[in-house]
Amino acid sequence: MSNRYVVSLFENEHDLLEAVRTARERKFTIVDVHTPYAVHGLDAAMGARPSWMSWACAAFGLTGVTTMMAFQYWAAAVDWPVNVGGKPWNSIPAYVPVTFEAMVFAAGLGMVLTFFLACRLYPGRRARVPDPRVTDDRFAIVLEEADAAFDLDDVRRLFGRLGAVEVREHVSEVAP
Amino acid sequence: MTRDVCAPMEGKPTWMWWAALAVSTAAMLVGAAAVTYQVSTGIGTWGLNRTVGWAFDITNFVFWIGIGHAGTLISAILFLFRQRWRTAVNRSAEAMTLFAVMCAGIFPIIHMGRPWLAFFVIPYWNTRGPLWVNFRSPLVWDFFAISTYFLISAVFWYIGLIPDLATIRDREKPGLRKTVFGILSFGWNGSFRTWHHYELVYLLLAGLATPLVLSVHSIVSTDFATSVIPGWHTTIFPPYFVAGAIFSGFAMVLTLMIIVRKVMRLENYLTMRHIDAMCKLVIATSGIVAIAYATEFFTAMYSANAYEQFVFMNRALGPMNWAYWIMVGCNVITPQFLWFKKIRSNLVAVFILTIFVNIGMWFERFVIIVTSLHRDFLPSSWALYAPTPIEIATLIGSFGLFFTAFLIFCRVLPVIAMGEVKGVLTFGRRAKGATK
C-alpha cells in the first residue's frame, strides 16, 4: 500500500471512459472513479461484476412473504380462530394482499438497508471526495502509485492527451 | 444546471412564495381547528346519518390516495418504460405522493372517532387475548397497503435525493447548511462502486413500487367492492379505481408543475414537451375512466338486478344527479379539449382543465360513495346527505397541509433530480459538443 495517489479530473464521460480503459490496459491500480451521475458503460469499462443487490432484494422479499403468510395463518387459524361470516379459519386467498404488501415492504427496506451497509452510507458519515466538483460536473479517476514503476509524468501526459483537465498528486494515509 | 436548480433554494424566497405559504398555512390551521373540534365533540359534527354512513371523509381519503398515485407512476413505471422525460418531473411528483398520502392517512384515522386508538389496526401482542386483527378485512389490508406505500415511496424519494444532497453539500460554504446536507447525504461521494449498486437498487425499487402502486388503489377499491351494496359490489372496481387515481394524479402533477416552473423559473427543465406528454396521458386515462363509467352502467342494466339498476338510474337522474353530471362533465367531456395542440400549448387552458379534472375526480368518489348509500334497500330509510362546515373545513385543511408541505419542499430541497437529468443531458458528452 502506498500513500501516494493521483487524482485526474475530466470534463465529460466520454473522456473518462477512454481514460478508464487505458488505465486498465496499462495495469494502473484504480482506487475509485467518481462521477456526478451514473455513467453508462462504466461498469463494463471497469470490468465490474453485476451488483448482488438483486439477491438481497429476493432474500428479503421471500422472508417477508413467508413470515407474513405464516403469521396470518397462525393468528387467524391457530392462536385465536374467529368465525367471520362462516369463512374458513385458514382463508389463504384473503391473506394474499397483506402478504404481498409485506413482501414489498421487506424487499424494499431490506435491500436499501443492505445497500447502505454495503456502501457504508449512513447519516453523519464524512464524505471523502477527491474534488468537490465530482458531485456537480467533473469526473475523477483516483489512481494509486502502487509501485516504483509508476511514473507521474507519464500519467500526466497520457491523461492529458485523453482530455484530463487536471492531474494532481495527493499524499495521504487514506485514499481521497 | 446545478446552479439553475439550486437557485430557488439558495436565494431569498419571492413574495409569491410567502403569499402562497401564508394562504396554505391558514387553510391548514382551519383544518386543524375543525379536526380538533370534531375529535373533542364526536363524529356527530359531521353530516352523516344512518343511511349515509360514509361520505365526505372517505371521499377525501380516496381522493388524496388517488392524487398520490401519479407520483409513483411517474417515477417507477415511466422509469421502467425508459421514458427519459420523467427525470424532470419525478422528484416533485414523488414529493407530491408523500404529501398526498399523509393527507389521505389523516381521514381514516379521524373517521375512527377515537383516533388515539388508531394503533388497534396494528397486529401487536395485546392484552385482549391477544385478539388479532381480522386479516380477511379489506380495511386491514388498507392499513398495510397504505403504510407500505408511504414507506416505500419515502425510501424511493430519498434514495433519489441522496446524490443531489451531496451536490448541494459540496457547493455550500462551511456552515450550518453544509453540515445539515452533509448529514443528510450519508457521505455520498459519487464513487463508482456506490453508483454501481445504486443503479440496481433504484431499478429494483421501481420494480417493487410498480405493482405496489397498483395494489394500493385496488385494495382501497376492495373496501367498497367486497361489500354487498349495489353500486359498490362490482368486479370492475380495482382497475377502475387505479385508472381514476392515475388520471387525477396526473392532473394534479400538471397543476403543480405549471405553478412550479413559473414560480421557480425552471422553464428550461419543465418544458412544454413535458406538459404536452402529461396532457396526452390525461386524455388516455380520461378515456379509460369514461369506459369504466359506461361499463358500470352497462353491467348494471345487463345484470337484471333491480337494485343495481335502480342505483345507477338514481345516480344519473336522482336527487344527487348534479354530482354525477359534474363528474361526467369534468372527467369525460372537458379533458377532450386536450386533443387540440393549441390547447395543450396554452398553459392557462391546461391549468384550468386540470383543475376541472381534480374537481371531477373528487366528485367521482363522492358519487360512488354517497349515491350508492343514500337510497338503500328500504325506501323508509332513504335519506339525503349534505356536508357540515366542519367537514368542509377539514377538506380545506387537507389542501392546506398538502400545499404547505409542497411549498416548503420547493424551498429546501432540489425540485429537479439533478443526478438524473445530468445523465440525459448532453453536457457530459463530447460528441454533442455541448459546453456545459
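Start in chain A of this predicted model. Select β1(A) together with strand β4(A), residues 164-171; the two pair in the antiparallel sense over seven bridges. Zoom in on two of the facing residues. R4(A) has V171(A) as its bridge partner in β4(A). F10(A) stands opposite A164(A) of β4(A).

Now add strand β3(A), residues 139-144. β1(A) pairs with β3(A) as well, again in the antiparallel sense, over six bridges. Look for V6(A): L143(A) in β3(A) stands opposite V6(A).

Stay on β1(A), residues 4-10. Is this strand enclosed or open? Six of its seven residues are buried, so the rest of the structure largely encloses β1(A).

Next, show the whole sheet. The sheet is open, has four strands, and runs in the order β2-β3-β1-β4 of chain A, with antiparallel pairing. Find the edges. β2 and β4 of chain A stand there, each with a single partner strand, so one side of each has no neighbour in the sheet. Neighbouring strands are turned by 20° against each other on average, direction ignored.

Two helices come next. Select α1(A) to see a helix that packs on the sheet and touches β1, β2, β3 and β4 of chain A. The direction of α1(A) makes about 15° with that of β3(A). Then pick helix α5 of chain A, residues 152-161. This helix lies across β1, β3 and β4 of chain A and runs at about 155° to β4(A).

Turn on chain B. Where the chains meet, 59 residues of chain A are in contact with 57 residues of chain B. Which elements of chain A supply at least two residues each to this side? They are α1 (13-25), β2 (29-34), α2 (42-46), α3 (53-79) and α4 (92-118). Highlight α4(A), which gives the largest share, 16 residues. Colour the chain A side by class: 36 residues are nonpolar, 11 polar and 12 charged.

Finish inside chain B. Select helix α5(B), residues 138-171, and helix α6(B), residues 176-184. They pack at an angle of about 155°, with their axes 8 Å apart. Angles over 145 degrees count as roughly antiparallel, and α5(B) and α6(B) are therefore roughly antiparallel to each other. Their crossing is left-handed. Show the side chains at the contact. L165(B), I168(B) and R169(B) come from α5(B), while K178(B), F181(B), G182(B) and L184(B) come from α6(B). By class, these contact residues are four nonpolar, one polar and two charged.

Definitions and conventions: Residues are numbered from 1 along each chain as its sequence is written. Chains are lettered from A and ligands numbered from 1 in the order in which they are written. This is a predicted model: local features need pLDDT of at least 70, side-chain atom pairs count only at pLDDT 80 or more; totals for chains, interfaces and linings use all residues. A residue is buried if 20 or more other C-beta atoms lie within 10 Å of its own, exposed if 12 or fewer, and partly exposed in between; C-beta atoms are placed from the backbone. Two strands pair if DSSP finds at least two bridges between them. Axes are lines fitted to C-alpha atoms, for helices over the stretch in contact, and angles run from 0 to 180 degrees between N-to-C directions. Angles under 35 degrees count as roughly parallel, over 145 as roughly antiparallel, 65 to 115 as roughly perpendicular and the rest as oblique. A crossing is left-handed if the near helix is turned anticlockwise from the far one by less than a right angle, and right-handed if clockwise. Two residues are in contact if their C-beta atoms, placed from the backbone, lie within 7 Å. Ala, Val, Leu, Ile, Met, Phe, Trp, Tyr, Cys and Pro count as nonpolar, Asp, Glu, Lys and Arg as charged, and the others, Gly among them, as polar.
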